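This briefing concerns a single structural model and is arranged by topic. Please consult the sequence and the three-dimensional view alongside the points that follow.

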Amino acid sequence: MTNIIDAGLVADQNAKLEAGLQADYEALGGMLARRGLDIEELTALAQTFDVAVPSWGAGTGGTRFARFAGRGEPRNVFEKLEDCSVINQLTRATSGVSPHFPWDKPSDASELRQAADSLGLVFDAVNSNTFQDQLGQEQTYKFGSLTAQSKEVRAQAIAHNIECIELGRALGSNALTVWVGDGANFPGQNNLRGSLERYLDSMREIYAALPDDWNVFIEHKLFEPAFYATVIADWGTSFACATELGPKAKCLVDLGHHAPNTNIEMIVARLAQFGKLGGFHFNDSKYGDDDLDSGSINPFQLFLVFNELADASLRGGSSFKPAYMLDQSHNVTDPIESLMSSAVEVQRAFVQSAMVDRAELAGLQGANDVLNSAQLLKRAFRTDVSPILAMARVRAGGAADPVAAYRASGYRDRVAGLRPAKAGASSSGIV
Ligand SMILES: [Mn+2]
C-alpha cells in the first residue's frame with residue numbers, strides 16, 4: 001500500500017506523544033476495570049470500526065449563497081482518492097470511499113479501482129445524482145427525476161441509476177444510495193399520491209437491475225430543494241417504499257434530514273426492528289440540513305444512535321451490519337481535518353455505546369429505576385475514551401493525533417502547489 005504521508009513522520013509524531021498516551025491509557029484502563037470493563041477489549045473493538053468517506057467531502061463545500069474554495073482542492077476523482085487515503089492513513093478508520101456519479105465517473109473503472117486498491121481503499125455505496133442537470137443532458141430535472149410527470153425524464157433518471165449500479169459493480173461496490181430532491185414548491189403543483197406512485201414505478205426498474213448481493217438504500221430528506229412537499233420526506237415513506245420494493249431495498253438515515261428535535265435514535269430503533277436499516281450518512285446540524293461535522297453540535301444524539309445500534313447488534317448478531325458513511329459539507333475548515341475529526345467522533349460514539357452494560361440497563365428498566373437507567377447511559381457518554389481511540393490508531397499504524405500529524409506533514413501546502421485552482425472542478429456541495 002502506498003503511504004501518501006511519510007510513515008517515518010507519523011512515527012516521529014507518535015513518539016512525542018507516546019509517554020503521555022501510555023499514562024492516560026493505563027489510568028483509563030484502571031478506571032474501566034473498576035467498572036468491570038476490559039480496556040484491551042474496547043481497543044480491539046475500536047479497531048474494527050470503519051466509516052466510509054464521501055468523495056465529494058474532500059473538496060470544500062458551500063451553501064446556496066456561495067462557495068469559498070480551499071487551497072489544493074482535489075480536481076478529479078484520483079486526487080479525491082489521494083485525500084481520502086490520507087484520512088485513512090492517519091485515522092485507520094475510513095477504508096471505504098463513497099463515490100458520486102456523474103461527479104466521479106471514471107473513463108476506465110478498472111483503472112480507478114486499481115488506484116483505490118494501491119492506496120488501501122475500497123469503494124463503498126455509490127450515489128446517483130438526478131438533482132441537477134449535467135452538461136449535454138437531454139432532459140431536465142427541473143421538475144423532478146424519478147417522479148417527474150414526463151416519461152422521458154423518468155426514463156433518463158432510471159437509466160442513470162442503472163448506469164451507477166454498473167459502474168459500482170466494476171468498482172467492487174455493493175450498494176446504491178438513491179436520494180431525489182423531487183417534490184413540490186407549491187400546494188397544487190403535484191399530486192402527492194401520484195408522485196409517490198411514479199417514484200415506486202421508477203424504483204422498481206432500478207431494483208430489478210440490482211445484482212443478487214446488492215442493496216439499494218433509500219435516503220429520505222424532510223425538505224430542500226422542494227420547500228412544500230418532498231416525495232421521500234421521512235422515514236415512514238422510506239420504510240413503506242423499501243417494503244414495497246423488496247428485501248434488497250433498505251432505508252438510509254442521514255442525521256441532518258429531519259426536523260429539529262426529531263428523536264432520530266427512535267427512528268433507528270424502529271428501522272432496525274423491522275430489518276430495514278440500511279445505513280447512515282453521519283453529520284451534525286443545528287437548524288436543518290446543515291451538514292456540519294459529526295458530533296460537533298449534538299454528540300449525545302450521536303451516542304444515543306449508537307446505543308440503539310449496540311442493542312440491535314446484540315439482537316441481530318453478525319447479520320446486522322448497517323453501512324456507515326460520513327456526509328458533510330466543509331465550508332470553513334480543511335476538509336481532510338474535518339473528515340478525520342468526524343470519523344473519530346463517530347468511532348467515539350461507537351466505543352462509548354459498547355461500554356453500556358446492556359443486562360444491567362435491562363435490569364434497571366425492568367425495575368423502573370428511571371434515574372439510574374438514565375445515569376447508566378450518561379456514565380458511558382461522559383467517559384473520555386480518547387486514549388482508547390488514539391491507542392487503536394497507533395497500533396494500526398495511524399496517528400495518535402491525526403490533525404497534528406497532518407499539519408506537520410505539510411500535505412496541504414504540497415498539494416496546493418500541485419493542484420492549481422480550476423473553476424467548478426471540485427464537484428462539492430451540500431447533498
Ligand atoms: Mn446524505
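L252 of β9 has G279 as its bridge partner in β10. The structure is a predicted model. The points below begin with the surroundings of β9, then turn to a separate sheet, a helix and a database annotation.

**Strand β9 and its neighbours**

- Strand β10 covers residues 277–282, and its pairing with β9 is parallel, over four bridges.
- Strand β7, residues 215–219, also pairs with β9 in the parallel sense, again over four bridges.
- Within that second pairing, the bridge partner of F217 is K250 of β9.
- In general, the strands of a sheet pair through backbone hydrogen bonds, in either a parallel or an antiparallel manner.
- Between β9 and β10 comes helix α8 (residues 264–273), and the three elements form a right-handed β-α-β unit.

**Burial of β9**

- Strand β9 spans residues 249–254, and six of its six residues are buried.
- Side chains in a regular strand alternate between the two faces of the sheet.
- On one side of β9 the buried residues are A249, C251 and V253, while on the other they are K250, L252 and D254.
- Both faces of the strand are therefore covered, given that the residues on either side are all buried.

**The three-stranded open sheet**

- An open sheet contains three strands in the order β1-β2-β3, with parallel pairing.
- Its edge strands are β1 (53–54) and β3 (122–123), each of which pairs on one side only.
- Strand β2 comprises residues 96–98 and is joined to β1 by two bridges.
- V53 has V97 in β2 as its bridge partner.

**Helix α14**

- Helix α14 occupies residues 402–409, and its buried residues are P402, A405, Y406 and S409.
- Viewed down the axis of α14, these buried residues lie within an arc of 100°, so they line one face of the helix.
- An α-helix has 3.6 residues a turn, so residues three or four places apart point the same way.
- The cover over the buried residues of α14 includes α1 (7–34), α3 (77–91), α10 (335–354) and α15 (411–418).
- Just after α14, G410 adopts a positive phi of about 70°.

**Database annotation**

- UniProt lists residues 105–291 as "domain: Xylose isomerase-like TIM barrel", in an unreviewed entry.
- Over residues 105–291, the chain is 37% helix and 16% strand.
- The end C-alpha atoms of residues 105–291 are 24 Å apart.

Note on methods
Residues are numbered from 1 along each chain as its sequence is written. This is a predicted model: local features need pLDDT of at least 70, side-chain atom pairs count only at pLDDT 80 or more; totals for chains, interfaces and linings use all residues. Two strands pair if DSSP finds at least two bridges between them. A residue is buried if 20 or more other C-beta atoms lie within 10 Å of its own, exposed if 12 or fewer, and partly exposed in between; C-beta atoms are placed from the backbone. The arc is that of the directions from the helix axis to the C-beta atoms. Two residues are in contact if their C-beta atoms, placed from the backbone, lie within 7 Å. A crossover is right-handed if, with the strands pointing away from the viewer, the path from the first strand over the helix to the second runs clockwise. UniProt positions are given in the numbering used here, feature names are shortened, and annotations may be inferred rather than shown by experiment.
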